[in-house]
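Work through the exercises below with the sequence and the model open side by side. Each task is followed by a solution in steps.

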Amino acid sequence: DALVYAHERALDEAGAPLRVVHRDVSPSNILIDPSGRVCLVDFGVARVLEGEGKTRTGMVMGTPEYMPPEQARGRSELVDGRADLWAVGAMIYRLLSGRYPHEAQTANEVLLLAMTEPAPKLASAVADASPKLCTLVDKAMAFDKVDRWADARAMQAATREALEEAKSRATATTAVTDLATHLPDDMPRNV
């Protein structure tokens, strides 16, 4: 929701859309309040696409492990909202696999990998990931930004679909497990 707002709904004084790109979506910039609401914080390196950018081409800003190719290359003129979506995909990849999309010994080596190598497919790291979840993450982290989700709203819809599928799978698994615990002692429990 925060990226939909930043990318589409944040307005300037005249009511025109600002199209804010965060450029450092990473776990350290995600907070969860006591009610469970997720908050995106630290817009310190954010860029307003409609105005004059203060970041010069060639400057790299953000967290390397969550940086898409165009941002890792320092091509600030190519960075748009899809860079933030790449970072969200990278966070989901990390949460599910326990690994970063690009791993190396130094930040510069991570940047080099981000510049030159497509992120691995989620299924290669998480064998039991659902097809919708794989599509969500893989499309978010597409090497070429034109192959990513068109905008935050499209990725948000795909995320909700993947979550519903995950809930259904979890409910089915829980139902089978619950059923198995109530089987008579002489019945097999291959769950």
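A contact here means heavy atoms within 4.5 Å. The model is predicted.

**Exercise 1. Describe the overall fold and the reach of its contacts.**

Step 1. Take the elements: the protein has seven helices and four strands. Read from the N terminus, their order is α-β-β-β-β-α-α-α-α-α-α.

Step 2. Take the contacts between residues at least 6 apart in sequence: 56% of them join residues at least 24 apart.

Step 3. Take burial and surface. Of the 191 residues, 36% are buried. The exposed area is about 11200 Å², with 56% of it supplied by carbon and sulfur atoms.

**Exercise 2. Decide where the coordinates call for caution.**

Step 1. Start with the whole chain: the mean pLDDT is 80, and 72% of the residues reach 70 or more.

Step 2. Look for low stretches. Over residues 51–55 pLDDT stays under 50, and the model has four contacts beyond four places in sequence for them. Residues 186–191 also stay under 50, with seven such contacts.

Step 3. Apply the general rule: where pLDDT is low, the predicted coordinates should not be read in detail.

**Exercise 3. Find the largest nonpolar core and the elements that build it.**

Step 1. The core holds 24 residues, and those touching the most other members are Leu122, Leu136, Val137, Met141, Trp149 and Met155.

Step 2. Assign elements: helix H3 (81–97), H6 and helix H7 (152–181) each give two or more residues to this core. H3 provides the largest share, seven residues.

Step 3. Follow one member outward. Leaving aside residues up to four places away in sequence, methionine 141 touches Trp86, Gly89, Ala90, Tyr93, Pro101, Ala119 and Pro120.

Step 4. Check another member, tryptophan 149: the charged end of lysine 139 sits over its ring, 4.5 Å from the centre.

**Exercise 4. Classify the aromatic pairing and say what it connects.**

Step 1. Count: there is one aromatic pair.

Step 2. Classify. The ring centres of tyrosine 66 and tyrosine 100 are 5.9 Å apart and the planes stand at 75°; planes over 60 degrees apart count as edge-to-face, so this pair is edge-to-face.

Step 3. Locate the partners. Tyrosine 66 is in the loop between strand S4 (47–48) and helix H2 (69–72), while tyrosine 100 is in the loop between H3 and helix H4 (107–116), so the pair ties together parts 34 residues apart in sequence.

Step 4. Judge exposure. Tyrosine 66 is buried because its relative accessibility is 8%, under the 20% limit. Tyrosine 100, at 25%, counts as partly exposed.

Step 5. Add the neighbouring charge: the charged end of arginine 94 sits over the ring of tyrosine 100, 4.1 Å from its centre.

**Exercise 5. Are proline 131 and alanine 157 buried, partly exposed or exposed, and which residues lie across from them?**

Step 1. Proline 131 is in helix H6 (residues 131–140). Its relative accessibility is 63%, so proline 131 counts as exposed.

Step 2. Glutamate 165 is 34 residues from proline 131 along the chain, yet their C-alpha atoms are separated by 9.6 Å.

Step 3. Alanine 157 is in helix H7. At 39% relative accessibility, alanine 157 counts as partly exposed.

Step 4. Between alanine 157 and leucine 136 the C-alpha distance is 9.8 Å, with their positions 21 residues apart in sequence counted as separation. Leucine 136 is one of the core residues from Exercise 3.

Notes. Residues numbered from 1 in each chain as written. Predicted model: local features only at pLDDT ≥ 70, side-chain atom pairs only at ≥ 80, totals over all residues. Heavy atoms only, no water. Buried < 20%, exposed > 50% of the residue type's maximum accessible area, 1.4 Å probe, protein only. Core = buried A, V, L, I, M, F, W, Y, C linked by side-chain atoms within 4.5 Å. Phe/Tyr/Trp six-rings, centres within 6.5 Å; stacked < 30°, edge-to-face > 60°. Lys NZ or Arg CZ within 6 Å of the ring centre and 35° of its normal. Areas by Shrake-Rupley, 256 points an atom, 1.4 Å probe, with all protein chains shown as cover. pLDDT = per-residue confidence, 0-100.
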